[in-house]
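Got the viewer open? Grab your mouse and let's take a walk through this one together, one selection at a time.

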Amino acid sequence: MSLNIRKIAVNVEETHIEAGRTISPPTRKAVAVAVISNPFAGTYTEDLTPLTDIGAELGGLLGQRCVDALGITPAQAESYGKSAMVGENGELEHAAAILHPKLGAPLRAAVEKGAALVPSSKKMGSPGQVLDVPLGHKDAAYVRSHFDGIEVSLNDAPRAGEIMVAVAVTDSGRPLPRVGGLTHEEAKGEDGLR
Amino acid sequence: MPDLILLLTVLSVYEVFHEGGPAPDTPLRRAAALAIIQNPFAGRYVEDIQPFMEDLKPLGLQMAQRLVDTLGGPQNVQGYGKGTIVGEAGELEHGALWHAPGGYAMRQLLDNSNAIVPSTKKVGGVGARLDVPITHINASYVRSHFDAMEVGCNDTPRAGELVLVLVMSTGARIHNRAGGLDAADIKGEDGLR
């Protein structure tokens, strides 16, 4: 019951112009998604440990894919997020078992530090459905310029017995941030909040 | 500042009895309040947008109150989240205006809500959906309460509109068994644990 990946996709979004204004350097977000077999599809299984182990593998793998796609050093990563969408023969809890117990530590290793909670979302879904991955600053959750999100979808996933697992990493906040609050430069990054 | 012009509200309630496993005594409920408003900054670049956050505060409170009432009182609310969809004539940054008025409205009505309100945002077309993250209101690391709610409305956001969203939940995921920090064990001091 080990990790069985059918597909990996990586998207990088670069925003060069926002509201008619040039963004230089462009803000960049990467999202890496893996489509895996759900070992518990069609059953109710009490012990979900195998999924937590899969989560640990995917945290490192997908985090590294994002960092590679952005062409940055781990220290240059500024925000992150994680999400999962479970095909219809699975259960929402399967997403929780992948995302929460063990995915975070190897992801944090891939982006260096990561004092803040990794923001997350999860749902049941079908092929082609859109999954929103929330984004927050990796060291200080209250940095307001870095609250964001990125969509991911694949036309052929998740099939009924599959799970889509996504990790997103950025090297920047939103373009043209101007709603105030704690800034990236002011953040201490010690307690994960400020 | 232009007035806040409210076009439409939506209230959705999910009641989850079981998901193939043993049904708990109390079903999980998730509720979402959507407010669709005109985007006062649509179609042009405006530098100083922060005053509009003040205008959004009463709307935030109304929406939060509606959710609290729907779920039967503040004592029933254990999780929350917020989000924004910006119509195509707007800018992602307009969605960020909802952070303070949306988040603090819920925290004002809910006792022991020390946790940051999780959020997401995007620019989208008519019928766009948004997965709004949910976490425990008093300790972000409570693992059983990590959840999300997909929201949207078929005829919105039009180009010049904003969809503002608040969500609340009444408890842990159905069949939660992914371990981690339990709601019964939180200290509730730092908003995290």
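Here is a tour of a predicted model, stop by stop.

**Stop 1: a pair of helices in chain A**

Start by selecting helix α1, residues 49–70 of chain A, and then add helix α2, residues 92–99. Their axes come within 6 Å and cross at roughly 50°. Angles from 0 to 180 degrees count as roughly parallel only under 35 degrees and as roughly perpendicular from 65 to 115, so α1(A) and α2(A) are oblique to each other. The crossing of α1(A) and α2(A) is right-handed. To see who does the touching, show side chains for A:Leu51, A:Thr52, A:Ile54, A:Gly55 and A:Leu58 on α1(A), plus A:His94, A:Ala97, A:Ile98 and A:Leu99 on α2(A). Colour that contact by class and you'll get six nonpolar residues, three polar and no charged.

**Stop 2: stay on α2(A)**

How many of the eight residues of α2(A) are buried? Eight of the eight, so to speak a full house. Click through them if you like: A:Leu92, A:Glu93 and A:His94 are among the buried ones. Now switch on the neighbours: the buried residues of α2(A) pack against α1, β3 (79–86), β4 and β7 (162–170) of chain A.

**Stop 3: into the core**

Which residues have the most contacts inside the largest nonpolar core? Pick out A:Ile98, A:Val165, A:Ala166 and A:Ala168. That core has 102 residues. Centre the view on A:Val165 and look for its partners beyond four places away in sequence: A:Val33, A:Ala34, A:Ile36, A:Leu58, A:Leu62, A:Ala84 and A:Ile98. You've met A:Leu58 and A:Ile98 already, in the contact of α1(A) with α2(A).

**Stop 4: another partner for α1(A)**

Hide α2(A) and bring up helix α3, residues 104–111 of chain A. The axes of α1(A) and α3(A) come within 7 Å and cross at roughly 25°, which makes the two helices roughly parallel. This crossing is right-handed. On the α1(A) side, select A:Ala56, A:Gly59, A:Gly60, A:Gly63, A:Gln64 and A:Val67. Facing them on α3(A) are residues including A:Gly104, A:Ala105 and A:Leu107. The contact has eight nonpolar, five polar and no charged residues.

**Stop 5: where the chains meet**

Zoom out and show both chains: 39 residues of chain A are in contact with 39 residues of chain B. On chain A's side, α2, β4 (120–124), β5 (131–137) and β6 (148–152) each supply at least two residues. That side has 19 nonpolar, seven polar and 13 charged residues.

**Stop 6: a glycine in chain B**

Jump to B:Gly102, in helix α3 (residues 99–109) of chain B. Is B:Gly102 buried or exposed? Buried, with 30 other C-beta atoms within 10 Å. Try the distance tool on its C-alpha and that of B:Lys57: they are 7.2 Å apart in space, though 45 residues apart in sequence. Its contacts beyond four places in sequence are B:Gly60, B:Lys82, B:Leu164 and B:Leu166.

**Stop 7: backbone oddities**

Two cis peptide bonds to look at next. One joins A:Ser24 and A:Pro25, with omega about -5°, and A:Pro25 lies in strand β2 (residues 21–37) of chain A. Another runs from B:Thr156 to B:Pro157, with omega near 0°; look for B:Pro157 in the loop between β6 and β7 of chain B.

Finish with B:Asn112, in the loop between α3 and β4 of chain B. Its phi is near 50°, a positive value in a residue other than glycine. B:Asn112 is exposed, with 12 other C-beta atoms within 10 Å.

Notes: Residues are numbered from 1 along each chain as its sequence is written. Chains are lettered from A and ligands numbered from 1 in the order in which they are written. This is a predicted model: local features need pLDDT of at least 70, side-chain atom pairs count only at pLDDT 80 or more; totals for chains, interfaces and linings use all residues. Helices (H or I, at least four residues) and strands (E, at least two) are DSSP runs, numbered from the N terminus. Angles under 35 degrees count as roughly parallel, over 145 as roughly antiparallel, 65 to 115 as roughly perpendicular and the rest as oblique. A crossing is left-handed if the near helix is turned anticlockwise from the far one by less than a right angle, and right-handed if clockwise. Two residues are in contact if their C-beta atoms, placed from the backbone, lie within 7 Å. Ala, Val, Leu, Ile, Met, Phe, Trp, Tyr, Cys and Pro count as nonpolar, Asp, Glu, Lys and Arg as charged, and the others, Gly among them, as polar. A nonpolar core is a set of buried Ala, Val, Leu, Ile, Met, Phe, Trp, Tyr and Cys residues joined through C-beta atoms within 7 Å. A residue is buried if 20 or more other C-beta atoms lie within 10 Å of its own, exposed if 12 or fewer, and partly exposed in between; C-beta atoms are placed from the backbone.
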